[in-house]
Amino acid sequence: MNRVNPEMIVLARDLLGMTQADLAKGVALNQGTISRYESGDVEVPDNHLRVIAEFLGRPESFFRWPDQRYDASCMYHRKNRRLSVAEITVIHAKVNLLRIQASRLLKQAKVTSNYSFYRLDQSKLGGPEECAQRLRQLWQLPIGPIRNVVKSIERAGGMVFRCPFGETRVDGISQWPLDAPQMPPIFFVHEDVPGDRERLTLCHEVGHVAMHHMPTDGDLEDEANRFAAEFLMPADEIADDLKNLTLPKAAALKSTWKVSMQALIVHANRLGSISDNQYQYLFRQLSMKGYRTCEPCPIPPEEPEMFRDIVEFHQKKLRWGIGDISEFLGESEEAFREKYGQNFSNFRLVG
Amino acid sequence: MSTTTFPNIQRTLYDRQFRPMNQEEMLNVLEPHLSNFQDVLLGPWEDFQDYRENDKNFIDMKEGDCAVWLTMQAQIRARELLDGKPGFRLIDLHQKLVIVVDEKIAVTIKKLTMRQIQALDRPHLERSNYTTKRNVKLWNQQRDAEIPDFPRVILGYQLLKEITEIHSVIAYCRSRTRRVEWAHALPLVAASAPIGFTPKIAATSNEEYEDKGFTISETDAATQTTGTERASGQ
């Protein structure tokens with residue numbers, strides 16, 4: 001039997017938003033002992049592992065998984081306010097768990113996609129806009145709006161999860177660890193964001209994954225935003241439409257390009273189709289009409305399919321029972337059923 | 001000695017103007033036909049949304065232009081749906097369609113706008129006609145040889161949220177201003193009536209024929225991993 005992986009104790013604890021002291025109190029051990037277990041200095045005895053596993057709600061086998069966590073340096077966030085360390089720790093734990101679960105499932109299931117993800121060199125191509133154009137070419141995306149961003153990512157072998165980030169306003173996170181070449185890039189988007197924001201967030205994260213594998217001089221978030229804007233709304237194709245932009249026109253373009261009115265206004269200003277004054281006027285109008293928080297013409301969210309299909313593959317092709325799959329993913333059966341639905345017919349990832 | 005007789009002013013006024021009608025009275029006549037009126041508006045509205053999503057000429061249209069298009073299409077649709085139907089008589093008057101319902105009420109299709117002139121005013125619906133003499137007479141419910149001799153009511157619609165939503169009403173005017181006296185909201189239901197021929201934009205999506213772009217197959221490990229090995233975590 002494998003030895004206990006201290007990383008997994010940290011992960012299980014982080015998932016519940018607990019401190020070492022909380023865990024120690026819950027399992028009637030010293031905080032120092034928990035600290036030593038988590039640092040790997042001391043082997044965890046079986047009886048202690050049992051109570052820790054029970055307290056953290058994971059099967060014992062979960063703590064023997066050989067996987068490792070990736071910290072914030074491997075992740076890119078699209079968020080709209082500063083997060084506390086406690087909030088970001090829970091989010092990272094959720095993201096790490098989903099990535100590990102996906103990688104475990106991919107040991108049995110090989111995903112062959114029509115296209116691929118690439119690590120692009122901004123300095124050679126010229127900038128984020130050129131990278132976006134290049135990726136559109138490589139993915140053979142037709143001229144005009146991208147019909148379904150999630151589908152395009154999955155066609156290129158990326159995996160998308162819609163998961164709850166709670167009250168925190170993290171819109172998206174991506175991971176493509178350099179030391180795990182067999183793993184596809186993974187994207188996490190907040191399950192509550194509307195379709196237009198989901199698409200922009202995903203493209204922003206695709207920008208990070210494609211461009212930011214090597215250090216750059218620029219502002220990473222700004223570069224990812226420029227990548228996303230060009231990827232969703234190529235300047236050559238949209239520039240004419242953005243002239244004389246008004247709110248009704250932005251609303252009409254929103255349903256065509258499936259991006260928010262705000263994104264259209266920002267893009268129009270960046271491309272020089274509207275002046276700074278027009279830009280400010282339009283944003284004042286948006287605020288006045290309450291569109292900054294709730295825009296008209298909602299775009300429905302796009303649902304990912306790959307992870308669901310992989311789980312279904314295990315169930316149908318490999319004939320694994322729900323008990324097998326849930327234990328394999330380090331979940332209790334009840335938790336698994338609660339998260340993934342009774343029989344997968346209504347499958348939706350929620351945790 | 002000559003006597004001066006004064007005309008009965010009140011009577012004369014009512015001779016020249018239809019008496020006021022309240023919502024209940026008007027709806028008693030229109031109630032059985034409201035679903036037809038809803039179809040008259042929602043059919044063209046659905047077409048309009050399709051065009052606005054796909055046709056560049058429609059993207060640039062301002063609210064007034066949209067209303068011209070929608071009103072025209074709604075009139076065409078009304079002819080398709082209501083011409084020859086019992087209870088309806090269609091009249092073309094000054095290039096406008098007038099729908100006479102049960103020989104009691106004349107219905108005209110119009111765009112209405114919610115306005116609030118001053119901050120303390122209550123928002124109210126308004127027509128956007130020019131105040132020509134004929135228009136004033138028509139919407140002040142005055143009788144005249146040039147206009148239908150029935151009380152007039154508006155089958156109106158408001159374009160909301162940057163022309164992404166529509167709100168349809170039956171509205172009644174009886175003043176010399178553009179203001180609507182009362183308005184009854186029509187329920188939002190999908191257009192149900194069959195249409196003759198409406199050219200539709202070709203569907204651009206062929207999603208149902210599309211494959212997912214990835215396939216899932218077994219790895220070598222899958223055949224080797226069985227039973228308890230799965231759970232043990234390797």
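This report walks through a few parts of a two-chain structure, from a strand and a helix to the contact between the chains and its salt bridges. Keep in mind that the model is predicted.

**A strand in chain A**

Let's start with strand β5 of chain A, residues 186-190. Five of its five residues are buried, so β5(A) is largely enclosed by the rest of the structure. Both of its faces are covered: one carries Ile186(A), Phe188(A) and His190(A), while Phe187(A) and Val189(A) sit on the other.

What does this strand pair with? Strand β3 of chain A (residues 159-163) runs parallel to β5(A), and five bridges join the two. One of the residues involved is Arg162(A), whose bridge partner in β5(A) is Val189(A). Strand β4 of chain A (residues 170-175) is joined to β5(A) by four bridges, but this pair runs antiparallel. Here Gln175(A) has Ile186(A) as its bridge partner.

**A helix in chain B**

Over in chain B, helix α2 spans residues 23-30, and its buried residues are Met26(B), Leu27(B), Val29(B) and Leu30(B). These cover an arc of only 155 degrees around the axis, which puts them on the same side of α2(B). Look at the other side of α2(B) and you'll find Glu24(B) and Asn28(B), which are exposed. The buried residues of α2(B) pack against several elements of chain B, including α3 (34-54), β2 (96-101) and β3 (105-111). At the N-terminal end, Asn22(B) acts as a cap for α2(B), with a side-chain oxygen 3.3 Å from the backbone nitrogen of Glu24(B).

**Where the chains meet**

Now for the contact between the two chains. On the chain B side, 31 residues are in contact with 44 residues of chain A. The area buried between them is about 3,300 Å², and carbon and sulfur atoms give 50% of that. How many residue pairs are in polar contact between chain B and chain A? The count is 13, with both residues at pLDDT 80 or more. Several elements of chain B, among them α3, α4 (56-59) and α7 (220-224), each supply at least two residues to the side that touches chain A. β9(B) gives the most, with five residues.

**Salt bridges**

Side chains of opposite charge can pair when their charged atoms come close. Over all chains the count is 34 salt bridges, and five salt bridges run between chain B and chain A. Here are some pairs:

| Pair | Closest N to O |
|---|---|
| Glu305(A) and Lys212(B) | 3.1 Å |
| Asp241(A) and Lys56(B) | 3.4 Å |
| Asp14(A) and Arg13(A) | 3.8 Å |
| Lys161(B) and Glu165(B) | 3.9 Å |

Take the salt bridge between Asp241(A) and Lys56(B). Asp241(A) lies in the loop between α11 and α12 of chain A and Lys56(B) in helix α4 of chain B, so the pair joins two chains. Asp241(A) is buried, at 10% relative accessible area, whereas Lys56(B) is partly exposed, at 49%.

Within chain B, Lys161(B) is partly exposed at 40% relative accessibility, and its partner Glu165(B) is partly exposed too, at 34%.

Asp14(A) and Arg13(A) are both buried. They also belong to a salt-bridge network with Glu7(A), Glu38(A) and Arg69(A). Glu38(A) lies in helix α3 of chain A (residues 31-39) and is buried, with a relative accessible area of 11%. Leaving aside its neighbours within four places in sequence, Glu38(A) has contacts that include Pro6(A), Ile9(A), Arg13(A) and Leu23(A).

Notes: Residues are numbered from 1 along each chain as its sequence is written. Chains are lettered from A and ligands numbered from 1 in the order in which they are written. This is a predicted model: local features need pLDDT of at least 70, side-chain atom pairs count only at pLDDT 80 or more; totals for chains, interfaces and linings use all residues. Side-chain values use heavy atoms; hydrogens and water are left out. Buried means under 20% relative accessible area, exposed over 50%, partly exposed in between (1.4 Å probe, protein chains only). Two strands pair if DSSP finds at least two bridges between them. Contact means heavy atoms within 4.5 Å. The arc is that of the directions from the helix axis to the C-beta atoms. A polar contact is a pair of N or O atoms within 3.5 Å; within protein, one must be able to donate a hydrogen and the other to accept it, and residues adjacent in sequence count only if both atoms are side-chain atoms. Buried area is the accessible area (1.4 Å probe) that two parts lose on being put together, summed over both. A salt bridge is a side-chain nitrogen of Lys or Arg within 4 Å of a carboxyl oxygen of Asp or Glu.
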